[in-house]
4 protein chains.
Amino acid sequence: MRSKNRPSGRTFADEARRKQIVECAVEVIAEEGFAQASLARIAQRADVAKSVVHYHFANKDELVEQVLMAVSMASAALLPERMAAAGGARDKLRVAIETIAEFVDGNRTYALAGLETWNQTRSLPGRLRLVEDPASAGVEDIRRLLAEGQARGELGEFDPHVVAVMFRQAVDAITLEAAIDPNADLKAFATQLVAMFDRVISP
Amino acid sequence: MRSKNRPSGRTFADEARRKQIVECAVEVIAEEGFAQASLARIAQRADVAKSVVHYHFANKDELVEQVLMAVSMASAALLPERMAAAGGARDKLRVAIETIAEFVDGNRTYALAGLETWNQTRSLPGRLRLVEDPASAGVEDIRRLLAEGQARGELGEFDPHVVAVMFRQAVDAITLEAAIDPNADLKAFATQLVAMFDRVISP
Amino acid sequence: MRSKNRPSGRTFADEARRKQIVECAVEVIAEEGFAQASLARIAQRADVAKSVVHYHFANKDELVEQVLMAVSMASAALLPERMAAAGGARDKLRVAIETIAEFVDGNRTYALAGLETWNQTRSLPGRLRLVEDPASAGVEDIRRLLAEGQARGELGEFDPHVVAVMFRQAVDAITLEAAIDPNADLKAFATQLVAMFDRVISP
Amino acid sequence: MRSKNRPSGRTFADEARRKQIVECAVEVIAEEGFAQASLARIAQRADVAKSVVHYHFANKDELVEQVLMAVSMASAALLPERMAAAGGARDKLRVAIETIAEFVDGNRTYALAGLETWNQTRSLPGRLRLVEDPASAGVEDIRRLLAEGQARGELGEFDPHVVAVMFRQAVDAITLEAAIDPNADLKAFATQLVAMFDRVISP
DNA sequence: TATGAATGAGGGTTCATTCAT
DNA sequence: GATGAATGAACCCTCATTCAT
């Protein structure tokens, strides 16, 4: 199994196949749900044999991990850059919400797959996590951003942990909104979220 | 199958067994995850044969439905009464959050099982819902409460739908907090949530 | 188990229950097929508990045996008397066909249940027969009737065994005809059968 | 599942395994009865895992369908050709009976499996048929043959439907004769059947 | 008498995984 | 690189049967 023996020495073709399979997994998960996303179903969608999936991924867990990775990559593509460009903590939070909403809007499949997968593989006591929370930009990062904003006097009084957690929940809410109603106006939804968080963290 | 022949005329003993099995299902779901909660695993926990579960429940869906019911019952026991007793919309929201946090705190297993089950059975396009969202007290109810508060001039300017959605997310957040950290101080968490929502909806 | 301990000392009520259950079994078998006729389904139809069936019958085989018996009894009620009243072998055969057709016509449920049950319990090498062929009045009896008719010079030349076998098949054909087409004119069908057999066995 | 992806593009080896499994199913059905022919039992006889059967057949119905097909193929191999070669209707009927008897004689397992399967899957009101009656060469075909013979003046007076039905019953009778007595002289049995039908349909 | 409750064996089916080619 | 074939474990479910009450 290449993926185990020389993790960094993969062929281009290799890499392409992997990406294709992950892509198909994302689609199946988003459209039919995580529970329905069997290897057979994914392979069928990729129009390859079931064993091809096992040739490229050591086991299903690795594929799921890559799905999470792929979604994480895709969603976080613009985020750091844009947040860095933003002025203060308030602006950064606004930009984060808007960017994520924009991403979800343009990549509903990825977003929904990420949420589905994340929910189904959430760390339960005893169950090991595969990767870090992909879609939420990291609760801890946000918490720190908020705490620093408070320290700088830019933000008002509130519990940074709770607000950071609710930020992650807001991200999920955007995706859920998209899943429930394919015609939902996510931009407007995001605007209202920004307004809400702004009211919470303003001095 | 009693559950088919006389759905409303169940024996005490019958009902007791059903409750016991539902209880075991709740525990397995909470501790090992919905996907791991096979009938075999649940029966094993109840220390009965697999077929006993089928004797008391027509099929797995009925059992899952009862799990959702049980959680819903348990969580909603005090909520309506307390909310009715509360003064205005702000107070009602505060009471709701505090009551739910109190419930989750005292019934972490139930709360987590509810969230797990709810996530796994969430309506995907094409998938039918069994029962209404149990843990969240109904987004629509909250939205109406908020909208009426605004109409009365009691509350400020904000999008009632978005805030209602975030209220549901807050409820989930409480449960997740409890799941992630068994020692989490949910009362404090709830207090901060109340503060946050209060800032959002105040005039 | 009464039915085992004192086979001839059954209560009236006992006997009535048995008959009722057998009757329900007949109906279920005829309407839904032998394979679908589980004890649960039969008990449900009789509006009694599944265990009641086991109280009155040692096991399922005994119930099936009784079904075969009941059908046999019902179908053979008039046959011997009418055949005895008939003149020669040709007349006896005619009367037999007509009587059976009449019975099937008036008791399609019984007839179909008999055929279904008989087919499913037919003696395979290794499998023991429960009772003798109920619906067909006995191939051997017919063979003897035919052979004696030949010996007496009343009938022509033909193989009594083959014709007897085909007589049994004719009986089944009547039932099948009724099963396939609920509006089939069995009387006419029987008339044609009589004509056919008459041509075969006439001198 | 090959059988789903490319139904007409099966490998040789694939086809061989399918044939082997069908063959084993035929044997189990013939020797132990249709009701006893579970996938486990069939797989056991084929000396493969139960899941192998599911790899080659989508479900049990497809396997049963193939059993019916196989029996049908085998039994009808020579029939059309030989009947076409026969002169008139009387000759065709004679050839049909003799050919079928010959087939049953040389393929008792197939014949019995066909009869068992056919009986168990016979259309009850509400039950769908998988394929057409395999073993009986089609009642309707025979009826037409007879009616045309009558129209041509080649045959005498009789009900073509009833005689066609009895022809099918004769075919079953041959198989049953073989099942009841492994040493039965089917050739002689067929000869007598031919004589019988000849007497019926001759002018 | 009657039955509610329980059970183990077995049913068909799906699945992730392995392996020879 | 790729895959067809096979597998065993586990899944949900049905069944005839038993037994205490």
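A crossing of two helices is called left-handed if the near helix is turned anticlockwise from the far one by less than a right angle, and right-handed if clockwise. By that convention, α7(B) and α11(B) cross in a right-handed way. Helices here are DSSP runs (H or I, at least four residues), numbered from the N terminus.

A word on the ground rules: this is a predicted model, in which local features need pLDDT of at least 70, side-chain atom pairs count only at pLDDT 80 or more, and totals for chains, interfaces and linings use all residues. Residues are numbered from 1 along each chain as its sequence is written, chains are lettered from A and ligands numbered from 1 in the order in which they are written, and side-chain values use heavy atoms, with hydrogens and water left out.

**The helix pairs**

Two packed helices are described by the angle between their axes and the distance between the axes. Axes are lines fitted to C-alpha atoms, for helices over the stretch in contact, and angles run from 0 to 180 degrees between N-to-C directions.

| Pair | Residues | Angle | Axis distance |
|---|---|---|---|
| α7(B) and α11(B) | 89-106 and 186-201 | roughly 160 degrees | within 9 Å |
| α7(D) and α11(D) | 89-106 and 186-201 | about 160 degrees | 9 Å |

The angle in chain B makes α7(B) roughly antiparallel to α11(B), a label for angles over 145 degrees (under 35 is roughly parallel, 65 to 115 roughly perpendicular and the rest oblique). In chain D, α7(D) is likewise roughly antiparallel to α11(D), and the crossing there is right-handed.

Which residues of α7(B) meet α11(B)? They are B:R90, B:L93, B:R94, B:I97, B:E98, B:A101, B:V104 and B:D105, where contact means heavy atoms within 4.5 Å. Their partners in α11(B) include B:L193, B:F197 and B:D198. By class, this contact has 10 nonpolar, no polar and 5 charged residues. Ala, Val, Leu, Ile, Met, Phe, Trp, Tyr, Cys and Pro count as nonpolar, Asp, Glu, Lys and Arg as charged, and the others, Gly among them, as polar.

**Chains and domains**

A turn of 178 degrees with a shift of 0.1 Å along the axis lays chain D on chain C with an RMSD of 0.4 Å. That is the relation of a two-fold axis, with copies superposed by least squares on C-alpha atoms of residues with pLDDT of at least 70 in both. Of the interface residues of chain D, 89% are also interface residues in chain C, so the copies meet through the same surface.

Within chain A, the domain assignment gives domain 1 (12-66) and domain 2 (71-201); such bounds come from an automatic or database assignment. The contact takes 10 residues from domain 1 of chain A and 10 residues from domain 2 of chain A.

Methods:
Helices (H or I, at least four residues) and strands (E, at least two) are DSSP runs, numbered from the N terminus.
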